[in-house]
Amino acid sequence: MNFPSSESIDTLFALQREFFASRQTRPIEFRKHSLERLKQAVLDHRELLYVALDEDLGKPKGDVDLAEIGAVIHEIDFALAHLDEWATPQAVPTPELIAPSQCYVTQEPFGVTYIIGPFNYPVNLTLTPLIGAIIGGNTCILKPSETTPNTSLVIEKIIQQAFAPDYIAVVQGGRDENTHLLSLPFDFIFFTGSPNVGKVVMQAAAAHLTPVILELGGKCPLIALADADLDLVVSQLMFGKFINSGQTCIAPDYLYVHSSIKDALLARLVQRIHQDLPDIGSTGKVVTGQQVSRLEGLLSLSEGKVLVGGQSDAERRVFSATVVDQVKWDDALMAEELFGPILPVLTFDSVDTAVDLINQHHPKPLAVYVFARHTQSATPIINHIQSGDAQVNGVMLHAFSPYLPFGGVGSSGIGEYHGRYSFQAFTHKKSVRVVELPDKPV
Ligand code: NAD
């Protein structure tokens with residue numbers, strides 16, 4: 001793939017500045033029309049997306065329909081239905097101190113925005129933020145991940161079909177192009193990716209005091225209490241841990257299970273893996289051979305006991321669904337976010353100690369999942385582990401509700417989006433006070 005020169009990126013940035021200054025992005029009708037164009041372009045490229053996502057990540061069509069195309073279309077439809085309401089300035093009461101006057105809050109676009117996408121859900125995680133940029137009335141440069149080149153090219157085609165580049169454009173590139181883009185005085189940056197690169201983005205943004213939203217990762221625990229429904233835990237792990245070969249930011253990273261149910265739970269899980277994910281490539285593709293080697297390295301250093309899986313092939317970019325029992329907090333598998341189809345299993349006896357150990361070793365994860373028949377017993381756990389989001393008796397699907405803000409806290413991110421929260425993310429809340437003057441006598 002050819003990456004653009006710094007000069008052509010600068011020219012594009014200047015064109016977007018000019019287009020934003022022309023005020024054409026402001027009318028709500030323009031924004032809605034843009035959403036319609038985006039929707040049509042995504043649907044027109046459905047077949048190309050299936051092929052590209054299969055080549056890049058081995059994604060089955062059903063997963064593409066759910067978590068890539070479907071998620072984007074759903075957000076577009078929701079925004080179309082609600083944008084008028086979100087964009088209406090909100091009148092607020094005037095305190096006596098500053099009366100008489102009228103006060104309201106209006107949400108204005110930031111200007112030229114920059115969205116940096118990760119590889120794992122490359123369509124969803126570039127285009128869903130883009131919906132925010134559009135409904136906020138901004139222009140936007142998008143940089144998809146260089147590690148999913150086929151999908152990134154289709155994303156570029158989608159954007160080219162729908163928009164002129166002075167309004168919305170794709171810049172292909174990796175670290176060098178991103179470094180150059182980050183040196184530009186964008187009005188807002190939306191980054192999805194790893195915490196380490198998040199720090200790079202925030203540091204670069206600081207030079208221009210550019211506001212950022214960072215959607216990062218971390219180690220999300222799945223905690224199974226003594227009264228958890230075993231079949232439910234197994235089915236949610238099969239879905240959450242192994243979809244997209246474990247490369248999901250809100251995937252359960254590790255299983256933390258009460259000792260009284262561990263053996264029964266693991267027996268069922270291992271049996272389901274033998275049945276449903278029997279082959280080395282059953283979970284899809286790992287994004288690069290280096291990532292397979294990284295997982296191989298972590299597994300080889302682990303002192304846990306492999307119950308199932310452990311096979312890999314870096315050349316074919318595959319890693320089998322793997323469960324590792326008897327893992328301790330200082331194990332290699334617990335050092336970093338796994339982002340692969342390896343499930344370490346840790347055991348607890350006391351819920352309070354379990355909560356403390358999670359907070360001590362991997363604080364503020366992107367999501368926490370608690371499984372319990374009596375859901376009341378899950379509430380204190382959720383309340384005592386700070387996290388981006390949480391679920392009781394389910395995994396990941398909270399990200400599919402446009403009514404729920406999606407985002408992390410601390411090392412799992414800053415800010416949130418989806419639905420109305422995307423509108424808020426991509427706009428500045430501007431307070432306005434108006435003092436009416438009496439008519440002047442003629
Ligand atoms: P990454 O941080 O490696 O890359 C993200 C983007 O940053 C890419 O576009 C890449 O080109 C660019 N980049 C990489 N290194 C850079 C550097 N040194 N300087 C400048 N730019 C650089 O992330 P990834 O591997 O694509 O995605 C995996 C990570 O993303 C995981 O940590 C995962 O948890 C996280 N993630 C978070 C969410 C969320 O919504 N919170 C969603 C998906 C993925």
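So, the two domains: their C-alpha centres sit 31 Å apart. This is a predicted model, by the way, so take every value I give as computed from it. Domain 1 is built from two stretches of the chain, 6-216 and 408-433, while domain 2 is 221-400. Where they meet, the contact takes 23 residues from domain 1 and 20 residues from domain 2.

Okay, on to the pockets. The largest one has a volume of about 1,300 Å³. It has 44 lining residues, and the ones closest to its centre run in a row: Gly-193, Ser-194, Pro-195, Asn-196 and Val-197. Which elements give two or more residues to that lining? Those are helix 7 (175-182), strand 6 (188-192), helix 8 (195-206) and helix 11 (289-301). If you're thinking about chemistry, the lining comes out as 15 nonpolar, 20 polar and nine charged residues. And both domains take part, with at least three residues from each of domain 1 and domain 2.

Now the second largest pocket, which has a volume of about 330 Å³. There are 23 residues lining this one, and nearest its centre you'll find Ala-67, Asn-124, Ile-250, Ala-399 and Phe-400. Two elements give two or more residues here, helix 4 (61-87) and helix 5 (124-135). Helix 4 gives the most, with six residues. By class, the lining of this second pocket has 15 nonpolar, seven polar and one charged residues. Again, domain 1 and domain 2 each supply at least three residues to the lining.

What about closed space? The structure holds one cavity of 30 Å³ or more, and its volume is about 50 Å³. Its lining includes Lys-241, Asp-253 and Glu-337, along with residues such as Gly-218, Thr-248, Cys-249 and Phe-339. The class split for that cavity is four nonpolar, three polar and three charged residues.

Right, the packing. The largest nonpolar core has 88 residues, and the members that touch the most others are Leu-38, Leu-127, Leu-130, Ile-159 and Leu-255. Helix 4 turns up again here: the largest share of this core, eleven residues, comes from it. The core also draws at least three residues from each of domain 1 and domain 2. So what does Leu-127 touch, once we leave out residues up to four places away in sequence? The list is Leu-38, Val-42, Val-72, Leu-142, Ile-155 and Ile-159. Apart from the 88-residue core there's another core, of 29 residues, and that one has Leu-298, Trp-329, Leu-333 and Met-334 among its members.

One last residue, if you want to click on it: Val-355, in helix 12 (residues 351-361). Is Val-355 buried or exposed? The relative accessible area is 9%, so Val-355 counts as buried, the limit being under 20%. Leaving out residues up to four places away in sequence, Val-355 touches Ile-381, His-384 and Ile-385. Compare that with Glu-436: Val-355 and Glu-436 are 81 residues apart in sequence, and their C-alpha atoms are 57 Å apart in space.

Terms used
Residues are numbered from 1 along each chain as its sequence is written. This is a predicted model: local features need pLDDT of at least 70, side-chain atom pairs count only at pLDDT 80 or more; totals for chains, interfaces and linings use all residues. Side-chain values use heavy atoms; hydrogens and water are left out. On a 1 Å grid over the protein atoms alone, a cavity is a set of points where a 1.4 Å probe fits but cannot get out, and a pocket is an open set with protein on both sides within 12 Å along at least five of seven lines; lining residues have an atom within 4 Å of a point. Grid points are joined across faces, edges and corners, and a volume is the space filled by probe spheres set on the points. Helices (H or I, at least four residues) and strands (E, at least two) are DSSP runs, numbered from the N terminus. Ala, Val, Leu, Ile, Met, Phe, Trp, Tyr, Cys and Pro count as nonpolar, Asp, Glu, Lys and Arg as charged, and the others, Gly among them, as polar. Domain bounds come from an automatic or database domain assignment. A nonpolar core is a set of buried Ala, Val, Leu, Ile, Met, Phe, Trp, Tyr and Cys residues joined through side-chain atoms within 4.5 Å. Buried means under 20% relative accessible area, exposed over 50%, partly exposed in between (1.4 Å probe, protein chains only). Contact means heavy atoms within 4.5 Å.
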